[in-house]
Structures are given as structure tokens and as C-alpha cells.
Amino acid sequence: MNDDISDQPVDRPRLALLGLGAMGGALARAWLAAGRSLTVWNRTPGRAEPFAAAGARVAGTPAEAVAAGDLVVACLLDDASVGEALSGADLAGKDLVNLTTGTPAQARARAEWAVRRGARFLDGGIMAVPPMVGVPESGGYAFYSGSRALFDAHHDTLTVPFGAVYTGEDPGFAALHDVALLSAMTGMFAGVAHAFALIRKESLAPSGLAPLLVGWLTAMAPHAYQIAAHLESGDYTEGVASNLAMMVEGNATLRRTAEEQGVGAELLAPFMALMERRLADGHGDEGTTGVVDLLTR
Ligand code: FVH
């Protein structure tokens, strides 16, 4: 990392933001509301107009925006758009923060790319949706990884829109944490969709099921701590209250109920198949931790 640049906190850096989509626009509003000096650029120029009216300077090109900023933040559609937008910009001496969602490998490659151009680099994964930006009580935050010196120097600016959680010097770690949480969320949404499908044809109101789902999922969420303890100790049976043998028996009831209700079980089937494989391998006294081993190729 190019850490010869001062890592002293920079209270009020000149800020340049590339991208004024739903998330980029929310970031711009938060920084402007906090009185920060902001230059913005967006591929479709019309989207910048309301921000000019709110006090932002508008750059005609990404290179112009980068030249106007000490701290450059990219919040674009994907990694390819970041490469495209920044291809003609002089990044020497700049601090580049990439808040565009991508994979760990993309973040690592983008970090090398930025450092080769003389910039310090920090990757970010946003755990918030636009209405949560600039609202501290919403609990929104971003994971960051890459240059610790950049993170420390700009902590004050980075924490205007949402909280900041540093995950390490490896530039891929922010994306890895981001995608791990999004993947868990995807599994939860799949389970919720299945639950609503089960009651779909009955005289039951979805609004009655919703609070029950929220309560149950909230009560079950700490199960993640037990899985973590198992993975760290290597003993997958420690403290297990509901063992795999019992749960696999229960799978039959879940499948049969889906059939009775005329609901496809395709969202549940892959996880159930892994539970059943682990049981067949002789691990009926475990919980579901062994599924992690089966998934890790
Ligand atoms: N919105 C959300 O809920 C999530 C929350 C978590 C983080 N994500 C990620 O944030 C990145 C930006 O998302 P967004 O919500 O701002 O996305 P859009 O509203 O679709 O805006 C996309 C912006 O990217 C510009 N853009 C697209 N392609 C290019 C390109 N080839 N070159 C330059 N700019 C490009 C687009 O410009 P325009 O269409 O207005 O001209 C928008 O500024 C994203 O990684 C999310 O995964 C958001």
C-alpha cells in the first residue's frame, strides 16, 4: 500500500463522489447536509442537477472530479463501471474508497490497480439501504478493508453517512463480509417466501404470520454463535439441543406439509439434502454445523 502519504486524520478533505444513483445520491445528500465540500460526477449529467442546487460542484468528467478531490469515493453499478469511469483519471496521491459492491477477488485486483496508479485504496461493502443513510439510529454501516492509514485518516468523513467497521488490510475482506451477510439474508428470505406460500391458499392473513416469523427468526438467529463455537473447537456436538437425526425426521413433515398445501419445496430441498448426507455419514448427534464442511469444496 502507498502509505508514505500522511496518515494523520484529515478533518475536512475535499471530497469527490462518482455515482449519483440511489445509494450514491444518498451519500451525497448526507455529506452535503454535514457541510462537506463535495464535487460530484455522474455518467448521466441530469442526475447531478439537484446536487448542484444543494451546494455540490459538478464535474464534467470523472478525471475532473478526481482532480478536485483528496478523498475520492466511487459508488457505481459494478466493478467494471469503476474501471471504466476511472480509466482516464490521475489517481497519484489520492485516497480512493470504492463503495461499489463486488467480489473479494475484484476488490483485491482493484486495490492493486489503484496502488499501481499511486493511490491509497480502501474497499467498502455497504450494509444499509438508501433510506438508512445519514440516519444514525438506523444501524446502517459499511465494512471496510485495505489501507488502515486511509481508514484512520478519513474516519470522520466515512462515518457521516453510516457506521464504519474495519475488517483488515486484505482489500478483499470487506466484500467477503458483505457477501457473507447478504448470502445469509438470501437464505432467510427463501425461508420466509416458503412460509408465506404455505398459508397462501388458507383463510389466514399474511399480516398475522409476519410478526410470528419475525419473532421466531429473531429467537433462532443466535444459533450462529453455536455454529461459530463448533467450527472453532472442532466439536460439532457441543451444546446441541436439537440434533440432526431429529431434524432430518422433521424434514419429512416439512416436505409433506408443502405437498399438502400445494407448495413447491425447491427452496428447502438443497439444504435438506445436505443435512441428510451428513446424517448418512454418521453424524446424527450434531446440529447443522457439518453442512459447512460439506459445502466447503
Ligand atoms: N441501493 C441499495 O439498496 C444497495 C445497498 C447496498 C449497496 N448497494 C451497491 O451500491 C452501488 C450503487 O448502487 P445504487 O443503488 O446507487 O445503484 P443505481 O441506482 O442503479 O445507480 C448506479 C450508478 O452507477 C452508474 N453507472 C452504471 N454503469 C456505469 C458505467 N458503465 N460507467 C459509469 N457509471 C455507471 C449509474 O449512472 P447513470 O445510470 O445514472 O448514468 C448510477 O450513478 C452498487 O454497487 C450496489 O450494489 C446499493
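User: Which residues do ring pairs link into a cluster in this predicted model?
Analyst: The model is predicted. One pair to start from is Tyr144 with Phe151, a tilted pair with 5.8 Å from centre to centre and 50° between the planes. Ring pairs extend this into a cluster made of Tyr144, Phe151 and Tyr166.

User: Are Tyr144 and Phe151 buried or exposed?
Analyst: A residue counts as buried when its relative accessible area is under 20%. Both members of this aromatic pair meet that condition, so Tyr144 and Phe151 are buried.

User: The charged end of which residue sits over the ring of Tyr166?
Analyst: Tyr166 belongs to the ring cluster with Tyr144 and Phe151. Its ring also has a charged end over it, 4.5 Å from the ring centre. That charged end belongs to Arg148.

User: How far from the ring centre of Trp113 is the charged end of Arg110?
Analyst: Here an arginine and a tryptophan are involved, Arg110 and Trp113. The charged end of Arg110 sits over the ring, and its distance from the ring centre is 4.6 Å.

User: How many aromatic pairs does a search of the whole structure find, and what is the angle between the planes of Tyr141 and Phe143?
Analyst: The search of the whole structure gives 3 aromatic pairs. Tyr141 and Phe143 form one of them, with 5.1 Å between the ring centres. Planes over 60 degrees apart count as edge-to-face. This pair is edge-to-face, and the angle is 90°.

User: Why does Phe143 count as buried while Tyr141 counts as partly exposed?
Analyst: The cut-off for buried is under 20% relative accessible area, and partly exposed lies between that and 50%. Tyr141 has 23%, so it is partly exposed. Phe143 counts as buried because its relative accessibility is 7%.

User: Where is Ser147 found, and what is its relative accessible area?
Analyst: Ser147 is in the loop between strand E7 (141-146) and helix H6 (148-153). Its side chain reaches the backbone nitrogen of Ala149 at 3.4 Å. Ser147 is buried, with a relative accessible area of 0%.

User: Which residues come nearest to the ligand?
Analyst: There are 22 residues around the ligand. The ones that come nearest are Ala22, Met23, Asn42, Thr44 and Arg47.

User: What is the distance between an oxygen atom of the ligand and the side chain of Thr44?
Analyst: Backbone atoms also approach the ligand: an N or O atom of Ala22 lies 2.9 Å from a ligand oxygen, and a backbone N or O atom of Thr101 also lies 2.9 Å from an oxygen atom of the ligand. For Thr44, the atom concerned is an N or O atom in the side chain. Its distance from a ligand oxygen is 2.5 Å.

User: How much of the accessible area of the ligand does the protein cover?
Analyst: On its own, the ligand has 900 Å² of accessible area. The part covered by the protein is 77%.

User: Which helix gives the most to the shell around the ligand?
Analyst: Helix H1 (22-33) and helix H4 (79-86) each supply at least two residues of the shell. The shell as a whole divides into 11 nonpolar, 8 polar and 3 charged residues. With 3 residues, the helix that gives the most is H1.

User: How far apart in space are Arg47 and Gly21?
Analyst: Arg47 is in the loop between strand E2 (38-41) and helix H2 (49-53), and at 46% relative accessibility it counts as partly exposed. Arg47 and Gly21 are 26 residues apart in sequence. From C-alpha to C-alpha, the distance is 8.0 Å.

User: What joins the side chains of Asp235 and Thr237, and at what distance?
Analyst: Asp235 lies in the loop between H10 and helix H11 (244-260). A polar atom of its side chain is 3.5 Å from the backbone nitrogen of Glu238. The side chains of Asp235 and Thr237 are joined by a polar contact of 2.7 Å.

User: Is Tyr225 buried or exposed?
Analyst: Tyr225 is part of helix H10 (residues 223-233). A residue counts as exposed with a relative accessible area over 50%. Tyr225 has 67%, so it is exposed.

Conventions:
Residues are numbered from 1 along each chain as its sequence is written. This is a predicted model: local features need pLDDT of at least 70, side-chain atom pairs count only at pLDDT 80 or more; totals for chains, interfaces and linings use all residues. Side-chain values use heavy atoms; hydrogens and water are left out. A residue is near a molecule or strand if one of its heavy atoms lies within 4 Å of it. A polar contact is a pair of N or O atoms within 3.5 Å; within protein, one must be able to donate a hydrogen and the other to accept it, and residues adjacent in sequence count only if both atoms are side-chain atoms. Accessible areas come from the Shrake-Rupley method with a 1.4 Å probe; for residues, only the protein chains shown count as cover. Helices (H or I, at least four residues) and strands (E, at least two) are DSSP runs, numbered from the N terminus. Ala, Val, Leu, Ile, Met, Phe, Trp, Tyr, Cys and Pro count as nonpolar, Asp, Glu, Lys and Arg as charged, and the others, Gly among them, as polar. Rings of Phe, Tyr and Trp (its six-membered ring) pair if their centres lie within 6.5 Å; planes under 30 degrees apart count as stacked, over 60 as edge-to-face and the rest as tilted. Buried means under 20% relative accessible area, exposed over 50%, partly exposed in between (1.4 Å probe, protein chains only). A charge sits over a ring if NZ of Lys or CZ of Arg is within 6 Å of the ring centre and within 35 degrees of the ring normal.
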